[in-house]
There are 2 protein chains.
Amino acid sequence: MKSPVTIKDIAKLANVAQSTVSKALNNRPGISARTRQHIISIAKAHNFVPDAAGKALKNRFTNNIGVVFCREDYPLRNPFFSRILEGIESEIAFNHYNLVLQLIPNHEETTIPKMIRERQVDGIVLIGVRNKAFIEQLQQAGTPFILIDPRDYFPDCPQVVIDNENGTFLATDYLIRNGHRKVGFIGGDLAVPSFAERLNGYKKALAFHNIPYSRRLVKTGGFEEGYTQTQQLLKLSKRPSAIVAAYDISALHAYRAINDAGMRIPEDISVVGFDDIDLAKMAIPALTTVRVYKEQMGSVAVRQLRTLIHTETPVSFTPIIPVKLVERDSVKKSED
Amino acid sequence: MKSPVTIKDIAKLANVAQSTVSKALNNRPGISARTRQHIISIAKAHNFVPDAAGKALKNRFTNNIGVVFCREDYPLRNPFFSRILEGIESEIAFNHYNLVLQLIPNHEETTIPKMIRERQVDGIVLIGVRNKAFIEQLQQAGTPFILIDPRDYFPDCPQVVIDNENGTFLATDYLIRNGHRKVGFIGGDLAVPSFAERLNGYKKALAFHNIPYSRRLVKTGGFEEGYTQTQQLLKLSKRPSAIVAAYDISALHAYRAINDAGMRIPEDISVVGFDDIDLAKMAIPALTTVRVYKEQMGSVAVRQLRTLIHTETPVSFTPIIPVKLVERDSVKKSED
DNA sequence: CTGTTAGCGCTTTCAG
DNA sequence: CTGAAAGCGCTAACAG
């Protein structure tokens with residue numbers, strides 16, 4: 001590692017004081033246009049880039065933003081989270097920040113992340129938090145943070161949320177309008193707010209069409225249990241003609257169960273998903289689903305976090321990311 | 001943000017000098033066991049964690065490692081890269097480093113990444129580099145770095161590579177042993193070393209079984225063009241009874257093409273992939289493929305990089321990650 | 001408009 | 001074995 005050029009070197013080369021160089025390079029007032037130009041050109045010529053540690057030490061800002069995934073499983077494998085991370089990354093890069101990434105296993109979701117304890121970052125975006133004590137610690141420490149897709153209710157925390165209810169409403173409504181009156185629902189864990197909201201949207205759509213809600217048509221539980229959930233639905237004496245899955249991943253598991261049962265999509269049974277991950281359009285048949293603007297979630301979160309970082313008394317504002325039904329080939333339509 | 005406790009505070013509380021605290025906390029010699037214990041307990045009681053910027057400024061090591069994806073497309077969406085990133089992350093976390101992530105679009109793959117210019121990281125792992133000039137710059141700057149899955153040949157650079165040739169050899173050999181004598185090959189870009197190696201493995205397996213190689217049975221080009229590549233193969237007057245795809249993603253595209261052509265896997269045509277991404281086992285039918293130990297690639301890369309960072313005269317050593325055929329349901333087997 | 005100086009939090013001589 | 005002091009690279013306050 002070659003020893004890099006410092007502000008002191010530039011000062012010497014330009015025959016000025018360090019502080020003058022600092023002013024010139026940071027667009028501070030109190031310096032003549034001429035010397036500023038002079039200094040800038042010398043700095044450029046020598047590829048001067050200020051040392052992050054030096055700056056951070058003085059400024060109390062690192063210009064780093066942390067991204068922390070708190071999950072028991074492997075969040076990066078989940079295409080939904082990958083896309084959110086993409087959005088986060090691009091917003092961070094755009095603002096000339098650096099992104100510090102950490103995955104924390106659920107059981108460690110209790111102690112404040114290293115990156116914030118050692119003041120490596122100015123704030124963090126937290127994905128999939130579950131642990132209340134964890135959040136309380138962050139609040140006490142005064143760390144700026146924002147939540148994406150929390151796995152529990154944190155009403156007082158800044159967060160960016162999906163318009164979940166609306167999404168499943170649209171999906172269910174679409175099925176009903178296409179002649180499906182018996183529609184099943186599969187998904188995840190009722191304790192997770194976003195899932196509960198998705199279930200609600202389903203219920204509301206049924207109610208809207210005066211279709212009675214039946215507990216037997218909804219199978220919840222593990223996120224990855226779409227296969228067995230669907231099997232149960234198929235075993236019902238009067239099986240549904242359509243299924244709405246709370247996640248595309250569940251829908252894809254449903255595909256397998258349906259296939260294994262010797263049935264065909266959409267001829268024998270229709271499926272609609274939620275999230276619109278890349279796989280949705282690659283599935284056979286291509287999956288009709290509710291699109292979530294994942295990159296947008298990420299970038300909005302970073303924007304919010306940045307204002308949180310730089311304002312004294314933060315106003316907690318919760319952006320709701322909109323949602324849209326995208327029609328593909330997994331739903332049998334009534335001819336009308 | 002509450003103002004954090006510093007080494008000075010601890011010194012005051014313990015009635016010793018700063019330097020003594022530093023020695024105690026860093027296991028430096030020249031300090032009595034008693035005072036060391038005393039200081040440690042006080043530091044612990046006050047949740048003292050040294051400031052990263054302060055340390056970095058003095059030590060010339062940040063304890064941060066950069067991870068840079070250089071690709072035209074969206075690397076994080078690619079489950080193959082996600083898994084590599086997982087491996088990198090876990091190794092970094094294990095060593096109490098921080099991970100600084102950056103995605104650089106191909107056209108910007110020319111200027112040294114910000115994180116290294118401003119000395120935020122001690123070294124970087126580079127995924128998917130293509131640009132020679134870029135690498136030369138890094139070498140000149142003396143940045144420690146290691147390559148994963150480079151898109152061009154960089155013979156003198158430290159890198160971790162997959163046993164590609166062996167993988168496609170195994171895949172092709174497996175098909176031939178199961179009675180397939182006309183096997184197609186689809187995949188990506190011949191200019192990419194890993195792809196060229198995979199093609200070589202295929203050729204070698206054919207040669208091994210005395211089957212003549214036919215250029216018409218191999219379709220290269222875009223990574224995402226598995227669909228059209230397969231269509232071309234299916235149109236052949238004497239179409240292959242099996243296809244080996246250089247990537248699982250290609251194989252999945254092939255699935256769709258085969259399905260759209262009204263054929264069935266594996267009854268009408270067999271397919272084997274490469275990479276063993278999560279989707280492979282979820283596909284219908286489950287895809288027989290060559291498993292790559294992706295997390296291992298990531299963690300090995302970080303281990304290598306760490307020694308690179310801490311040694312004066314680095315010895316360039318290229319770990320080869322092994323590979324394994326995993327049998328699933330996409331190959332029609334000869335009954336014997 | 002420019003330069004001097006101090007200090008951010010830490011480690012490392014070097015005296016005592 | 002312990003403490004005082006200097007300095008890493010940077011910015012800000014203050015004098016000139």
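This briefing covers a predicted model with protein chains A and B and DNA strands C and D. Chain B superposes on chain A by a rotation of 180° with 0.0 Å of shift along the axis, at an RMSD of 0.1 Å. The two copies are thus related as by a two-fold rotation axis. In the contact between them, 44 residues of chain B meet 44 residues of chain A. Around the DNA there are 26 residues at strand C and 25 at strand D.

**Domains of chain A**

- Chain A splits into three domains: domain 1 spans 7–57, domain 2 spans 64–160 + 295–320, and domain 3 spans 164–293.
- Domain 2 is thus written as two segments, with domain 3 falling between them in the numbering.
- The C-alpha centres of domain 2 and domain 3 of chain A are 30 Å apart.
- Between these two domains, 9 residues of domain 2 are in contact with 8 residues of domain 3.
- On the domain 2 side, helix H5 (79–94) and helix H13 (294–310) of chain A each give two or more residues.
- H13(A) gives the largest share of that side, 3 residues.
- By class, the domain 2 side holds 5 nonpolar, 1 polar and 3 charged residues.

**The contact between chains A and B**

- Both copies use the same surface: 100% of the contact residues of chain B recur in chain A.
- How many residues of each chain take part? There are 44 from chain B and 44 from chain A.
- Six elements of chain B each supply at least two residues to its side: H4, helix H5 (79–94), strand S2 (98–104), helix H6 (114–117), H11 and helix H12 (278–282).
- H5(B) supplies the largest share of the chain B side, 7 residues.
- The chain B side divides into 24 nonpolar, 9 polar and 11 charged residues.
- Strand S2 (residues 98–104) of chain A pairs with S2(B) in the antiparallel sense, over 3 bridges.
- Within this pairing, Leu99(A) stands opposite Leu101(B).
- Strands of a sheet pair through backbone hydrogen bonds, either parallel or antiparallel.

**A sheet in chain B**

- Six strands of chain B form an open sheet with mixed pairing, in the order S7-S6-S8-S9-S10-S12.
- Its edge strands are S7 (218–219) and S12 (323–326), each of which pairs on one side only.
- Strand S8 (residues 242–245) and strand S9 (residues 270–275) of chain B run parallel, joined by 3 bridges.
- Ile243(B) has Val271(B) as its bridge partner in S9(B).
- Helix H11 (residues 248–260) of chain B packs on the sheet and touches S6 (183–186), S8, S9 and S10 (288–292).
- The direction of H11(B) makes about 155° with that of S9(B).
- H11 of chain B also supplies at least two residues to the side that touches chain A.

**DNA strand C**

- Of the 26 residues around strand C, those that come nearest are Ala17(A), Ser19(A), Ile7(B), Ser19(B) and Gly54(B).
- H2 and H4 of chain A, together with H2 and H4 of chain B, each give two or more residues to this surface.
- H4(B) gives the most, with 5 residues.
- The surface divides into 7 nonpolar, 13 polar and 6 charged residues.

**DNA strand D**

- Which residues come nearest to strand D? They are Ile7(A), Ser19(A), Gly54(A), Val16(B) and Ser19(B), out of 25 around it.
- Helix H2 (18–25) and helix H4 (52–59), from chain A and from chain B, each supply at least two residues to this surface.
- The largest share, 5 residues, comes from H4(A).
- By class, the surface has 7 nonpolar, 13 polar and 5 charged residues.

**Backbone geometry to check**

- A cis peptide bond joins Ile265(A) and Pro266(A), with omega of about 0°.
- Pro266(A) sits in the loop between helix H11 (248–260) and strand S9 (270–275) of chain A.
- In chain B, a cis peptide bond joins Ile265(B) and Pro266(B), with omega of about 5°.
- Pro266(B) is found in the loop between H11 and S9 of chain B.
- His96(A) has a positive phi of about 60°, although it is not a glycine.
- His96(A) lies in the loop between H5 and S2 of chain A.

Technical notes. Residues numbered from 1 in each chain as written. Chains lettered and ligands numbered in written order. Predicted model: local features only at pLDDT ≥ 70, side-chain atom pairs only at ≥ 80, totals over all residues. Domains from an automatic or database assignment. Contact = placed C-beta atoms within 7 Å. Helix = DSSP H or I, 4+ residues; strand = E, 2+ residues; numbered from the N terminus. Nonpolar A, V, L, I, M, F, W, Y, C, P; charged D, E, K, R; others polar. Pairing = 2+ DSSP bridges. Axes fitted to C-alpha atoms, helices over the stretch in contact; angles between N-to-C directions. Least-squares fit on C-alpha atoms with pLDDT ≥ 70 in both. Near = placed C-beta within 6 Å.
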